Each structure stands twice: as C-alpha cells, then as structure tokens.
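Please open the model in your viewer and keep the sequence panel beside it. The stops below go from one selection to the next.

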Amino acid sequence: MVINDIFSFAVAAIIIKGHEDIEPRSVDECKERPDWPKWKDAIQVELNSLEKRGVFGPVVQTPQGVKPVGYKWVFTRKRNEKNEIARYKARLVAQGFSQRPGIDYEETYSPVMDAITFHHLISLAVSEKLDMRLMDVVTAYLYGELDASIYMKVLEGLKLAESNTKSRNRYSIKLRRSLNGLKQFGRMWYNRLSEYLIQEGYINDPILDLQS
C-alpha cells in the first residue's frame, strides 16, 4: 500500500464525513441543528458579557477612509470526563488580520512568564514560606482599553434605526474595549493589569522583568 497525499486526503475525508457531531462554524449552521436553542442561549450569554463590560460603543456611520474589521463566531462544547456535553460556549472574535499597522494598532507585544521565571517564583515561595494562589480572570481580554479607534462591522441580527436599514453596510460599531482577535488585545490586557497592580503597591522585580 502506497501512503501518499491522495491516500491521506481520502482517509481524512472519510473520518470527517463519519463524524456527524462536528462543531458548527456559523450562526446559520447552528440554526439548522436540533440543539439550536442551546447555541442561541450561548450566543446570548456572550453578548450579555460583552455588553456588561462595555465592549461595544454606539453604531455610527463609518468614518471616511476607515475599514471596519470583520468578526466571526466560534462555537465549542465543553465536555466532562465522561465525554458528555457539559456546556455550550459561543465566543465573538474580531478578525484582526484586516487591521493595518500604524493605523489600527501600534504595538502588540505582551510579556509572558516563561518556565524559568515560574520555577523561580515557586522556589522563592517555598524558601520564604509564602502562600501561592492561582487565580483566573474571566474574559480577561475584554478589560483592556484600546489605544486606537477601532470600528467593527455591525453584528448580524442587530437592529438598526429604521432610516438606516437600507444602507447597513455604511455603518459600524465603534469598540470601546479590546476584543479577542484584535492585534493588540493581549497587550491591552497586560497594560490594564500592570496599571492596577502598580496602583495597589506592587512593583516590578527587575530580575524577573529581564527574564520575561
């Protein structure tokens, strides 16, 4: 038996075709499924979260020369240890690949702790007999304030004023906060967290800062 690209593609096609329970790739696909009510609830939960954190600004007429970024819904189902569906999750993601450097963003770098730094912190906590606690910030990236004016295409299903419905493509949503998928979303969250920690009296360790 010869294993080449054609054979590999054929095997992959059979596997995909036989997998009848793949994740939907769009809202329209969700609507065609028997579990649409659960996906609908997940979408609403995501929209409520975005609204609560003030991510969306007003729907305005797109300024001249501005190209609004697109968006995409990402759907996943969280499963438990028995491979049973425990939760439906929908995430709205900005299509940051359409952003223009120097116009829609300046810097994207965000420091990330490496393994050496993490090991150093653990050893420091042990030697000083300190407590270590792990925390998780839910939808952390939504707290970052944008460093540029970003406009996003109007979400499907969002109702506009009656006078605007005939020219929907001329309008966009001005984002107030960072959104997953934007080029600078990681940096905006890092800046927000750093500002808060400094206000609370924390300081950067110069040694750890160099290792990050």
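Which residue forms a salt bridge with Arg77, and how far apart are the closest N and O atoms? Select Arg77 together with Glu23: these two form the salt bridge, and their closest N and O atoms are 2.8 Å apart. Bear in mind throughout that this is a predicted model. The pair links distant parts of the chain, for Arg77 lies in strand S2 (residues 70-79) while Glu23 sits in the loop between helix H1 (5-18) and helix H2 (27-31), 54 residues apart. Arg77 counts as buried because its relative accessibility is 8%, under the 20% cut-off, whereas Glu23, with a relative accessible area of 29%, is partly exposed.

**Further salt bridges**

The count of salt bridges comes to six, and two others are worth a stop. Select Glu107 and Arg187, whose side chains meet in a salt bridge at 3.1 Å, N to O. This pair also links distant parts of the chain, with Glu107 in the loop between S3 and H4 and Arg187 in helix H5 (residues 185-199), 80 residues apart. Glu107 is partly exposed at a relative accessible area of 46%, while Arg187 is buried at 18%.

Next select Arg100 and Asp104, which form a salt bridge with their closest N and O atoms 3.5 Å apart. Arg100 has a relative accessible area of 27% and is partly exposed; Asp104, at 7% relative accessibility, counts as buried.

**The three-stranded sheet**

Now colour strands S1, S5 and S4, which make up an open sheet in the order S1-S5-S4, with antiparallel pairing. Strand S1 (56-61) and strand S4 (151-153) stand at the edges, and each has a single partner strand, so one side of each is left without a neighbour in the sheet. From one strand to the next, the twist averages 40°.

To follow the pairing residue by residue, begin with S1 and S5, which are joined by four bridges and run antiparallel; Gln61 has Tyr171 as its bridge partner in S5. On the other side, three bridges join S4 to strand S5 (residues 171-175), again in an antiparallel arrangement. Here you can select Met152, which stands opposite Ile173 in S5, and then Lys153, which stands opposite Ser172 in S5.

Is S5 mostly covered or mostly open? Display the accessible surface of the strand and you will find it mostly covered, with four of its five residues buried.

**A nonpolar patch on the surface**

Which residues make the nonpolar surface patch of about 470 Å²? Select Met113, Phe118, Ile122, Val126 and Met132, which together make this patch. Met113 is found in the loop between strand S3 (85-95) and helix H4 (115-127), and at 44% relative accessibility it counts as partly exposed.

**Confidence along the chain**

Finally, colour the chain by pLDDT, which averages 83, with 82% of the residues scoring at least 70. Where is confidence lowest, and where is it highest? The lowest value belongs to helix H6 (residues 206-211), at a mean of 55, and the highest to S4, at 93. Strand S4 is thus a place to return to with both views in mind: it is an edge strand of the sheet, and its confidence is the highest in the chain.

Notes:
Residues are numbered from 1 along each chain as its sequence is written. Side-chain values use heavy atoms; hydrogens and water are left out. Two strands pair if DSSP finds at least two bridges between them. Helices (H or I, at least four residues) and strands (E, at least two) are DSSP runs, numbered from the N terminus. Axes are lines fitted to C-alpha atoms, for helices over the stretch in contact, and angles run from 0 to 180 degrees between N-to-C directions. Patches are made of residues with over 30% relative accessible area and no salt bridge: like charges are joined within 9 Å, nonpolar side chains (Val, Leu, Ile, Met, Phe, Trp, Tyr) within 5 Å. Accessible areas come from the Shrake-Rupley method with a 1.4 Å probe; for residues, only the protein chains shown count as cover. A salt bridge is a side-chain nitrogen of Lys or Arg within 4 Å of a carboxyl oxygen of Asp or Glu. Buried means under 20% relative accessible area, exposed over 50%, partly exposed in between (1.4 Å probe, protein chains only). pLDDT is the predictor's confidence in each residue, from 0 to 100.
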